[in-house]
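Visitor: Could you take me through a few features of this model, one step at a time?
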Amino acid sequence: MSSTFPAPALATVEITVNGRAYRRAVEPRTSLVDFLRETLGLTGTHVGCEHGVCGACSVLLDGDPVRSCLIFAVQADGLSVTTVEGLAPERGKLSALQDAFCESHAMQCGYCTPGMLIACQDLLAHNPQPDEAAIRDAIGGNLCRCTGYQQIVDAVKLAAGAPAHG
Amino acid sequence: MKAAPFDYIRPVTVAHALELLAQHGPEAKLIAGGQSLVPMMAMRLARPAVLVDVNRLDSLRGIAAGPGTVTTGATTRQRDLEESAVLRGAVPLVGAALRWVGHVQTRNRGTVGGSFVHADPSAELPLAALILDARIHLSSQDGGARVVPASGFFIAAMYTATGETECVTGIDWPVWEGPGVACAFEETSIRHGDFAMASAACQIQLAPDGTCRRAALGLGGMASAPLAFPDLAEALVGRRIDAAAAREVAEAAVSRSEPGTDLQADAAYRRHLAAVLLTRVLLRAGAAPVTALAA
């Protein structure tokens with residue numbers, strides 16, 4: 001017996017990701033994070049809870065951090081997205097924040113890391129010298145199930161003190 | 001945890017959005033920030049056949065100061081409210097409430113109108129609106145425009161006065177004129193930014209002698225909708241808000257609440273929290289420094 005489900009209607013979207021424009025046909029129910037990972041193959045952004053609690057899927061949308069599981073790709077049509085793949089200044093290099101994460105061992109399993117980097121990148125963009133309370137507030141929407149928060153706080157402090165190179 | 005299929009329409013005018021709501025009735029759902037709706041769709045608690053995206057309707061967005069009120073368009077982002085000096089100055093309780101709303105990632109998308117129509121019993125902006133008796137503007141194709149006071153808007157958990165073909169278009173926040181206005185908002189949750197187990201808020205205006213000239217207060221998460229207590233607030237007028245007065249009001253307020261029990265907190269613990277939080281906010285706002293009174 002053939003399926004009685006109709007083929008889903010597709011919508012065409014144009015989304016700029018890490019400076020490169022992509023034009024793709026998507027189902028309206030495709031979340032932005034699924035678009036990034038499955039349609040574009042940019043798997044750096046992680047999917048955790050898929051209902052806006054864990055923060056693993058954080059990306060910058062027109063420069064502001066958002067949860068890409070809580071936005072449908074059709075809603076991002078015409079907008080600009082920065083993912084963890086877009087944080088490094090050039091191929092083979094890391095941003096000051098990424099370097100600091102390595103230096104401070106601010107990751108254990110690494111699952112929350114892309115979201116943490118996006119959250120902290122936004123913090124440093126608005127507040128280059130954050131105190132500990134501001135850092136904790138900025139990562140308050142991102143869960144680390146390894147509970148390695150202290151090293152993440154240390155990494156942001158290190159990055160804030162380091163000369164910017166990216 | 002993927003949303004069920006739906007048709008997506010992005011209307012170009014408010015009239016077009018209202019037409020789509022009239023056409024599709026309960027099958028359609030408006031989406032703005034989507035920070036409450038999308039999780040519900042992901043969990044299949046909501047399955048709209050048609051999603052009407054009002055994000056790009058500029059006329060629904062913005063913050064405008066008028067005589068005695070500040071009006072926020074329905075799709076104004078929570079982050080924009082947070083960053084508005086006009087709103088924070090004129091309606092300080094909104095700024096105090098926003099400190100507890102979600103996380104920066106959700107405030108960048110979440111809208112004031114979305115918080116209102118979702119109507120979670122522990123939501124902060126609805127509590128602030130109820131306490132101040134904000135006015136909610138609604139519009140539909142067939143019914144035209146109407147205004148509902150917050151006291152008649154929040155009916156029960158996730159249930160408001162909004163009709164199924166209506167759209168919230170804006171909120172008028174009353175401005176308390178004159179010196180000596182202070183406010184406070186506090187809540188307790190498992191993790192900062194999560195849903196509150198209990199919350200308490202108040203706005204107080206003090207006379208130069210330090211007695212209360214005007215007060216408004218309420219509790220969130222303590223019933224199926226936020227609670228305000230205008231009679232208890234009125235009883236504070238003319239009094240100095242000391243520990244005894246604050247405790248008395250807080251206990252009277254809590255005695256009228258009907259908190260539920262869940263995995264995080266039972267009803268008795270919620271009552272305890274609410275009494276502590278309301279006492280604390282009353283003392284904080286009611287003990288504004290003399291310099292603030294002169295401002």
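Guide: Let us begin with a term: a crossing of two helices is called right-handed if the near helix is turned clockwise from the far one by less than a right angle, and left-handed if anticlockwise. Please keep in mind that this is a predicted model.

Visitor: In which hand does α10(B) pass α11(B)?
Guide: The two helices of chain B are α10(B), residues 243-255, and α11(B), residues 267-286. Applying the term just given, the crossing of α10(B) with α11(B) is right-handed.

Visitor: Which word describes how α10(B) lies to α11(B)?
Guide: Helix α10(B) packs against α11(B) at an angle of about 140°, and their axes are 8 Å apart. Angles over 145 degrees would count as roughly antiparallel, and 65 to 115 as roughly perpendicular. Because the angle of about 140° fits neither of these, α10(B) is, relative to α11(B), oblique.

Visitor: How many residues of the contact of α10(B) with α11(B) are nonpolar?
Guide: On the side of α10(B) the contact includes B:Ala246 and B:Val249, and on the side of α11(B) it includes B:Leu278 and B:Thr279. Of the residues in this contact, 1 is polar and 2 are charged, while the number of nonpolar ones is 12.

Visitor: In chain A, which residue of β5(A) stands opposite A:Leu60?
Guide: A:Leu60 belongs to strand β3(A), residues 58-61, and is buried. Strand β3(A) is joined to the antiparallel β4(A) by 4 bridges, and there A:Leu60 stands opposite A:Pro65. Strand β3(A) also pairs in the antiparallel sense with β5(A), over 2 bridges, and in β5(A) the residue opposite A:Leu60 is A:Thr82.

Note on methods. Residues numbered from 1 in each chain as written. Chains lettered and ligands numbered in written order. Predicted model: local features only at pLDDT ≥ 70, side-chain atom pairs only at ≥ 80, totals over all residues. Heavy atoms only, no water. Buried < 20%, exposed > 50% of the residue type's maximum accessible area, 1.4 Å probe, protein only. Pairing = 2+ DSSP bridges. Axes fitted to C-alpha atoms, helices over the stretch in contact; angles between N-to-C directions. Parallel < 35°, antiparallel > 145°, perpendicular 65-115°, else oblique. Contact = heavy atoms within 4.5 Å. Nonpolar A, V, L, I, M, F, W, Y, C, P; charged D, E, K, R; others polar.
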